[in-house]
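Here are some worked exercises to try with the model open beside you. Take each task first, then compare your route with the solution.

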Amino acid sequence: MKKMMLTAIIAVITMVNVNAQDQGDYEMGLGLGLNFSNVSDLDSENSTDSRISFNINASTEYYFSDRWGIKAKLIYDQKGWANGFILDTDTFDSVTTDFKVNYLTIPVMANWHFGSTRKWYLNFGPYIGILLNAEDTELGMDLKEGFKSTDFGFAFGIGYKFPINDATKLFVEYEGQSGLSDIFEDNQGETIRNGRSSFNLGVVFAL
């Protein structure tokens, strides 16, 4: 199923690139964002303290009309959580630490442009996250083997574009991600999922 979802995402991105070059209704963007990430159980009743970090993102969008487009992103995404606990294997003491779990995240979303001038936009769709590294901040332990190599979930966001000229716009947006899969490799308890919110700034260029 993971391979099928990844293949579908790659196919959509490829289709976007091909169609955009034919039609010309195409935008590319670059952005930087402030992340607030944590993890929670399946019912979201028990969640951790948020880790504050950042993301760097690149995006591409193909417009089917003046209202609708399909948008794909490539995000270096710093996730994890704060004030967790880890066992020091030297002293066997429980140590308070932050967990840094970083991904390459690829969301593919429908993007609806609304308002009288269509400067507002709202997007939603699935994402896949590819694990890059995982470690704690206090002991510096490499924890990557304890996490699954991929994460799946739902991405959504809302934003506003500020035109600079015919080909360039600045944007500000809120972006959320809600994980649907367990992040741990061998978890015998409740499903633990990623959650992430971010506030992003950036620029888009019409091609």
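**Exercise 1. Find which strand gives the most residues to the lining of the largest pocket, and describe that lining.**

Solution.
Step 1. Keep in mind that this is a predicted model, and that the totals for linings use all residues.
Step 2. Start with the strand asked for: β8 gives the most, with three residues.
Step 3. Go to the centre of the largest pocket. Of its 18 lining residues, E27, Y63, K161, K169 and A206 lie nearest that centre.
Step 4. List the elements that give two or more residues to this lining: they are β1 (26-40), β7 (168-179) and β8 (193-206).
Step 5. Sort the lining by class. Seven residues are nonpolar, four are polar and seven are charged.
Step 6. Add the volume, which is about 260 Å³ for the largest pocket.

**Exercise 2. Search the whole structure for cavities of 30 Å³ or more, and say how many there are.**

Solution.
Step 1. A word on the idea behind the search: rolling a probe the size of a water molecule over the atoms shows where empty space is left.
Step 2. With the cut-off at 30 Å³ or more, the search finds one cavity.
Step 3. The space in the largest cavity comes to about 40 Å³.
Step 4. Now name its lining: E27, M28, G29, S59, T60, E61, K71, K161 and V204.
Step 5. Trace those residues back to strands. At least two residues of the lining come from β1, and at least two from β2 (51-63).
Step 6. Class by class, the cavity lining holds two nonpolar, three polar and four charged residues.
Step 7. Compare the names with those from the pocket. E27 and K161 lie nearest the pocket centre, and E27 and K161 also line the largest cavity.

**Exercise 3. Work out what closed arrangement the strands make, and in which order they run.**

Solution.
Step 1. Follow the pairing from strand to strand. The order is β1-β2-β3-β4-β5-β6-β7-β8, the pairing is antiparallel, and the eight strands form a closed barrel.
Step 2. From one strand to the next, the twist averages 25°.
Step 3. Check the closure. β1 and β8 run antiparallel and are joined by 14 bridges; within this pair, G29 has V204 in β8 as its bridge partner.
Step 4. Link this to the cavity, since you have met these two names already: G29 and V204 are both part of the lining of the largest cavity.
Step 5. Move to the other side of β1. Its antiparallel pairing with β2 covers 12 bridges, and G33 faces N55 in β2.
Step 6. Look at β7 and β8, an antiparallel pair with 11 bridges. Here V172 is opposite L201 in β8.

**Exercise 4. Follow β4 through its pairings, and state how many residues separate β4 from β5 in their hairpin.**

Solution.
Step 1. Begin with strand β3 (residues 68-87), which runs antiparallel to β4 and is joined to it by 16 bridges. I70 is paired with A110 in β4.
Step 2. Continue to the next pair. Strand β4 (residues 94-114) and strand β5 (residues 120-136) are antiparallel and share 14 bridges.
Step 3. Place two landmarks in this pair: L104 is opposite I130 in β5, and N111 has N123 in β5 as its bridge partner.
Step 4. Inspect the turn. Five residues lie between the two strands of the hairpin, and G115 in the turn has a positive phi of about 95°.
Step 5. Carry on from β5 to strand β6 (residues 150-163), to which 11 bridges join it in the antiparallel sense. G125 is matched with A155 in β6.

**Exercise 5. Decide which stretch has a pLDDT below 50.**

Solution.
Step 1. Take the whole chain: the average pLDDT is 88, and 86% of the residues score at least 70.
Step 2. Then find the stretch. The pLDDT is below 50 over residues 15-24, which have 12 contacts in the model beyond near neighbours in sequence.

Key. Residues are numbered from 1 along each chain as its sequence is written. This is a predicted model: local features need pLDDT of at least 70, side-chain atom pairs count only at pLDDT 80 or more; totals for chains, interfaces and linings use all residues. Side-chain values use heavy atoms; hydrogens and water are left out. Two strands pair if DSSP finds at least two bridges between them. Helices (H or I, at least four residues) and strands (E, at least two) are DSSP runs, numbered from the N terminus. pLDDT is the predictor's confidence in each residue, from 0 to 100. Contact means heavy atoms within 4.5 Å. On a 1 Å grid over the protein atoms alone, a cavity is a set of points where a 1.4 Å probe fits but cannot get out, and a pocket is an open set with protein on both sides within 12 Å along at least five of seven lines; lining residues have an atom within 4 Å of a point. Grid points are joined across faces, edges and corners, and a volume is the space filled by probe spheres set on the points. Ala, Val, Leu, Ile, Met, Phe, Trp, Tyr, Cys and Pro count as nonpolar, Asp, Glu, Lys and Arg as charged, and the others, Gly among them, as polar. Axes are lines fitted to C-alpha atoms, for helices over the stretch in contact, and angles run from 0 to 180 degrees between N-to-C directions.
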